[in-house]
Amino acid sequence: MHRLSLLLVALAGAAYAVPSPSPRSAHILHEKRVMEPTGWRQSRRLDADRVLPMRFGLTQQNLHRVEEMLAAVSHPESPAYGKHYSAAEIVDAFAPSKTTIDEVTNWLVGSGISRDRLRLSINKGWIHVNATTSEVEELLKAEYHVYTHPSGVEQIGCHNYSVPAHISGHVDLIKPTVHFNHRAGANAAGKIRPLPNIVSGPKLTGQAATITPNLANCNKMITLDCLRALYNIDYTPVSTDKNTFGIVEFTPQAYLPGDLDLNFTPSLVGVRPISVLIDGAVVQNTSQSFNFNGESDLDLQYGMGLTAPQPVTLLQTGDLFEGAGFDNWLDAIDGSFCTFEGGDDPEQDGIYPDAVGSPQSCGIIKPPNVVSISYGQDEATASAAYANRQCTEYAKLGMLGTSVVYSTGDDGVAGFSNVCLDKNGNEVGTSGKVFNPEFPATCPFVTAVGATQINPGATVNDPEGACEQVIFSGGGFSNIFAMPSYQANAVNAYVAAHLNPSPYPPGTFNTSVSRAFPDISANGANYVIGIDGQFGLVFGTSASAPVVASMITMINDARIANGKGPVGFINHILYSPIFAPAFNDITMGGNRGCGTPGFNATAGWDPVTGVGTPNFARLLEVFKSLP
Ligand SMILES: *[C@@H]1O[C@H](CO)[C@@H](O)[C@H](O)[C@H]1NC(C)=O
Ligand SMILES: *[C@@H]1O[C@H](CO)[C@@H](O)[C@H](O)[C@H]1NC(C)=O
Ligand SMILES: *[C@@H]1O[C@H](CO)[C@@H](O)[C@H](O)[C@H]1NC(C)=O
Ligand SMILES: *[C@@H]1O[C@H](CO)[C@@H](O)[C@H](O)[C@H]1NC(C)=O
Ligand SMILES: *[C@@H]1O[C@H](CO)[C@@H](O)[C@H](O)[C@H]1NC(C)=O
């Protein structure tokens, strides 16, 4: 008897030493392709014994707390306002938990993939395993196909995949799966696009001196002096050696040095941005036209002009072979995103090193205090997983003290080129009836900037309206992101007053409580720029974003001069009622698109111009008063 009971105990002990089998749960859909890849033909099933380099992106810890953690250092009433996190604190806070690593490991091992085949990446963000197609198809309940492009290029993918319900919370994304590489060969810059518009109409020619600053003409030609008058800016930076301001440009878009000099104030002639070349970038000058130079010339002429003598850092991203996506510039300022929290997506981003040998740039510079990006993509062309992962990274930048400023697009409630959606959220061209919001502006952790105009015949002393010349301010409601708490009062008040009932059929835009944009706006019409050796007028939220970013840079300058830190994420302040006097509310105009008049600019926040345009002098006082 004695011996038997001992034996039982030993067996029980042995049983507990063996890894517990994964609990069985039914598979549920994890990701499906947003759109079928155009130009590619699904040609055959992938061979069952082909070996695939699988990567399982593990869910980070504390992501559900990111909004709260960002608010702790950004909300003006928070005791920790301005006490930004260190990079190491952020990596620690979000690394995947041991439970996540164990659950995914147990699932794979329990599905017949032996533990010795698994590799955990050094930063614990990914599990790698080489597995055959038949193993992966069983694991993910997916069907892999070979897709062929008319050029002869082939790639593999599945239309959708599933994971057991108890695993879905532990895995962000799995590759290779639905993330289709749309690039058949060289020089396809993905879906990311610069935003400015130019009119061929009144072209000005001659030397910079012939543009005499004349505030009487600001309704027809915006210059630096018009912007200073409009937004009450009278400030010369003094902390330039301690402050940083970055402007992102995507190759092949590039500035021309002569264009800067053409439109610079005399003190800046000959001054250039500090170029940081990301992923083999070149500031190319072999192709010169508005499409190659318009965005960069505009952003640098106004960003450098307004903040002079602040040196501006140009974050030139992507080589001439494949261009780049938003994750690529993030990689360059954040080494951990490069290898872990992001993982570039071949559907959206450049994959480096590439065929021409351009290296991948990981964490090559410290994040600038402010970064301005006048590029976007239709949110509908990004998967929710991709958009969420990137958006979280913007929150982390805010936690570090960086302000990320994106323009909201130039087609009102429509997407690029007036493309709209069907009721299933697919892009169907200009005949679509459903609004098509712009990403990353829809990410709640960036500051999204819309466009205003000086109304025809009006002056810098009159209230502006929403931009309705050449372009319409991008705005509306996200289909991916939930509404952040900082804007809930303002947006709910707008919805209650103007969209209840909505003048549009149900389903025209996301009426659930989703992230609404823009947050703020600035003039976007009739900017005089030097472009390809002459003067032209450009329009767009592309102009508005660097103007707002310049104002934040000057505010940081004043704070640094007072021994304080940069402001970081500013949206909590934008929406705080006590700071409302620091903004000029915009109540005229709308943002038409998708065959509708869009939304209206109204008293208070609206999805056309946000909280309005800044009154710089007042905003400066607000930020100087904060710790
Ligand atoms: C997968 O196979 C490749 C090529 O043989 C090898 O370089 C890589 O280390 C393998 N990965 C894993 C996780 O075993
Ligand atoms: C998933 O893909 C398969 C083909 O691989 C298809 O038959 C199925 O309908 C898809 N399911 C969903 C939910 O899209
Ligand atoms: C292009 O840039 C190179 C290097 O700065 C310069 O030598 C050359 O003159 C430029 N070419 C044109 C057409 O602007
Ligand atoms: C509306 O937005 C929410 C995010 O708040 C999202 O979960 C939902 O799927 C969206 N609805 C549609 C129809 O896209
Ligand atoms: C915009 O204003 C017009 C005129 O008052 C009104 O008819 C329309 O319903 C408004 N549209 C929205 C979306 O609020």
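Helix α10 (residues 326-333) is a good place to start: eight of its eight residues are buried, so this helix is largely enclosed by the rest of the structure. Its buried residues are Phe-326, Asp-327, Asn-328, Trp-329, Leu-330, Asp-331, Ala-332 and Ile-333. Buried here means under 20% relative accessible area, exposed means over 50%, and partly exposed lies in between (1.4 Å probe, protein chains only). Helices (H or I, at least four residues) and strands (E, at least two) are DSSP runs, numbered from the N terminus.

Please keep in mind that this is a predicted model, in which local features need pLDDT of at least 70 and side-chain atom pairs count only at pLDDT 80 or more, while totals for chains, interfaces and linings use all residues. Residues are numbered from 1 along each chain as its sequence is written, chains are lettered from A and ligands numbered from 1 in the order in which they are written, and side-chain values use heavy atoms, with hydrogens and water left out.

**The chain and its cores**

The protein chain has 16 helices and 29 strands, and buried residues make up 57% of its 627 residues. Among contacts (heavy atoms within 4.5 Å) with a separation of 6 or more, 80% join residues 24 or more positions apart.

A nonpolar core is a set of buried Ala, Val, Leu, Ile, Met, Phe, Trp, Tyr and Cys residues joined through side-chain atoms within 4.5 Å. The largest one holds 129 residues, of which Trp-329, Ile-373, Tyr-394, Tyr-527, Phe-599 and Phe-623 touch the most other members. Helix α14 (residues 541-561) supplies the largest share of this core, ten residues. Another core, of 30 residues, lies apart from it and includes Leu-52, Val-136, Ile-167 and Val-171.

Ile-373 leads back to α10: beyond its neighbours within four places in sequence, Ile-373 is in contact with Val-248, Phe-250, Phe-326, Trp-329, Val-404, Val-405, Tyr-406 and Ser-407.

**Two residues in contrast**

Thr-553 is found in helix α14 and is buried, with a relative accessible area of 2%. Not counting residues up to four places away in sequence, Thr-553 touches Asn-243, Phe-245, Thr-307, Gln-310 and Val-370. Val-269, by comparison, is found in the loop between α8 (257-262) and β13 (274-278) and is partly exposed, with a relative accessible area of 46%. Leaving aside neighbours within four places in sequence, Val-269 is in contact with Asp-261 and Phe-264.

**Two ligand sites**

A residue belongs to a ligand's surroundings if one of its heavy atoms lies within 4 Å of the ligand. Ligand 4 is surrounded by Ser-478, Asn-479, Ile-480, Phe-481, Ala-482, Asn-510, Ser-512, Val-513 and Ser-514, and strand β23 (residues 476-482) gives the most to this shell, with five residues. The shell around ligand 5 consists of His-498, Pro-503, Tyr-504, Gly-598 and Asn-600.

The table lists polar contacts, which are pairs of N or O atoms within 3.5 Å; within protein, one must be able to donate a hydrogen and the other to accept it, and residues adjacent in sequence count only if both atoms are side-chain atoms.

| Ligand atom | Side chain | Distance |
|---|---|---|
| Oxygen of ligand 4 | Asn-479 | 3.5 Å |
| Oxygen of ligand 4 | Ser-512 | 3.4 Å |
| Oxygen of ligand 5 | Asn-600 | 2.3 Å |

The protein covers 49% of the 360 Å² of accessible area (Shrake-Rupley method, 1.4 Å probe; for residues, only the protein chains shown count as cover) that ligand 4 has on its own. Taken alone, ligand 5 exposes 360 Å², and the protein buries 48% of that.
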